[in-house]
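Dear colleague,

I am handing over the structure we spoke about, together with notes on what turned up in it. Please read the notes with the model open.

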Amino acid sequence: MEHETSLIGTIVVGIGVAFLIGALAHRLRISPIAGYLLAGVIVGPFTPGFVADTGLALQLAEIGVILLMFGVGLHFSVKDLLSVRKIALPGAIIQITVATALGIGLGLMLGWSLSGALIFGLSLSVASTVVLIRALQAKDMVETEKGRIAVGWLVVEDIAMVFTLLLLPTIVGSLGVEGGSGSWTRSAVVVLLKIFGFAAFMLFVARRILPWVLHWTAHSGSRELFRLSVLAIALGVAFGAAVIFDVSFALGAFFAGMILGETQLSRRAAEETLPLRDAFAVLFFVSVGMIFDPMVLIEQPLSVAATVAIIVFGKTMAAYAIVRLSGYNKETAVTVSISLAQIGEFSFILAGLGVALGVMPDTARDLILAGAIVSILLNPILFALVARRNWQAAGQKVAIPDEDIPPPEPDRTILIGFGHVGRHVAKLIHERGEALTLIEDQKDIAANAMEAGFNVVIGNAAAENVLRQAGIDGARTLLIAIPEGVEAGAICRRARAINPDLTIIARVHSDEEVADLTQHGADHIVLAERATAERMAECALAAQISR
């Protein structure tokens, strides 16, 4: 019996080859993303052998984008989004303008029309959702100030691209046509109404219905139904947002996650979608590799180099300048700008639209794809360089003069970080009546801690002057509750050098971080999963003894 196997073949071959090449890349200490992209090239139409269905692969990749943005939304509240609006909104708009202008300049130099150069520039201006989120997750930065700025920036870019995709045919058609501006204005108003309509629906209608559905399913006691409800909400809202309101799948999924993130079941919902999210995110990178023709690197090396320069350097410098001018430190500016130094899914859609409208040559699409491939490959390397730079900088902070440091209070406990974990630790220590000083580098979170009545030092705990200001010299215990393993190691080393008798307790997420922090002087390290297992075993033993 014959079967239609194009979908099955695409999934099986795509994931299978991605696993093999990704494992090889991991073995060679290269980012697995490079392996996934190469896997796409291998199964794509530009190399011999099996050719997967590119159209199906791109649609499967969209599911990965939906689940990824839904997961981000679960950890991102409306308050978080509004907290970064002053930097994300103007920053994204200015950066899009700068990158578009550079792209237009390159397009005109290559002899393209103004319309084609405009679409080319826009394609180079918007970052990939998948690449940015994966990079932040790999460094545990999604819930930090840097992560919130980057995600907020990304949301603004997504909204801007929704406008662009819906208005582009009208803009192109109105160029050189008398009365075209009136048509453009009407289209802009319609797009605005759709976006505001979607936001209103999510905030006033879905905000009441979706949490109720999730709670009802959870109380049914069926894990299978709960998992299905989470997937139905994520995929259903994303699809409905695209069909009814003409917004992107990613934006719809992000809002759905943000609504459910306000419920107590958000963590469980995130865990249920994790396996599918990772699998389909891999298919995104495979799909990018499938539509890339490697010959463009040989036929147009200078044009490819110029395109990559705009993406990696032009966009990065613009974002860095904007973040610094907004009053943020160098570390935040570098992290945000590097996370945006790549392009992805929206760029491919814009490139396809430009070719379909007949205003952009196939050459431009090839350059966009080449720029995406190279920038995605470079992004993990740039992040690694930034992490190394931050590590070195953390050990080179200059201490403030001794007269500016308050005398240390004996037997004081110092807590670093007032996030999800730090907040609970601070509450327990405060209830015991112990002297506690908090160190927090994010001003909004530090303000919340001060309102709660805690003594707070605002600054980077890896800096010696900040540790001394908190009284590390005479402190008894140092609790490190931040998620960043690299920064925690620098803090351990610096604190141990100042106070050799200090007891240092830190939290980690992996066995590799346990070894790293032990090497840098931590006395006790709490691995979340292991601590949970040990506590459950203790409770079970206590229950048996009580009988």
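**Sheet and helices**

Strand 4 (residues 477-480) and strand 5 run parallel and are joined by four bridges. Please keep in mind that this is a predicted model. Within that pairing, Leu 478 has Ile 504 of strand 5 as its bridge partner.

On to the other neighbour of strand 5. Strand 6 (residues 524-527) pairs with strand 5 in the parallel sense, again over four bridges. Here Ile 505 has His 524 of strand 6 as its bridge partner, and Val 508 stands opposite Leu 527 in strand 6.

Strand 5 (residues 503-508) has two faces: Ile 504, Ala 506 and Val 508 make up the covered one, while Thr 503, Ile 505 and Arg 507 lie on the uncovered one. Ile 504, the partner of Leu 478, is thus on the covered face, and Ile 505, the partner of His 524, is on the uncovered face.

These strands belong to an open sheet of six strands, ordered 3-2-1-4-5-6 and paired in parallel. Its edges are strand 3 (455-458) and strand 6, each of which pairs on one side only. From one strand to the next, the twist averages 20°. Helix 18 (residues 420-431) packs on this sheet and touches strand 1 (413-416), strand 2 (436-440), strand 4 and strand 5. The direction of helix 18 makes about 160° with that of strand 1.

Two items concern other helices.

The axes of helix 10 (residues 223-244) and helix 12 (residues 266-290) come within 9 Å and cross at roughly 80°. The range of 65 to 115 degrees counts as roughly perpendicular, so helix 10 and helix 12 are roughly perpendicular to each other. On the helix 10 side the contact is made by Arg 223, Phe 226, Arg 227, Val 230 and Leu 231; helix 12 contributes Arg 268, Ala 269, Glu 272, Thr 273 and Leu 276. Sorted by class, this contact has five nonpolar, four charged and one polar residue.

Helix 16 (residues 345-356) has twelve residues and reaches 17 Å from its first C-alpha to its last, close to the 16 Å expected at 1.5 Å a residue. Its buried residues are Glu 345, Phe 346, Ser 347, Phe 348, Leu 350, Ala 351 and Gly 354. Just after helix 16, Gly 358 takes a positive phi of about 80°.

Regards

Note on methods: Residues numbered from 1 in each chain as written. Predicted model: local features only at pLDDT ≥ 70, side-chain atom pairs only at ≥ 80, totals over all residues. Heavy atoms only, no water. Axes fitted to C-alpha atoms, helices over the stretch in contact; angles between N-to-C directions. Parallel < 35°, antiparallel > 145°, perpendicular 65-115°, else oblique. Contact = heavy atoms within 4.5 Å. Nonpolar A, V, L, I, M, F, W, Y, C, P; charged D, E, K, R; others polar. Expected span 1.5 Å × (residues − 1). Buried < 20%, exposed > 50% of the residue type's maximum accessible area, 1.4 Å probe, protein only. Pairing = 2+ DSSP bridges.
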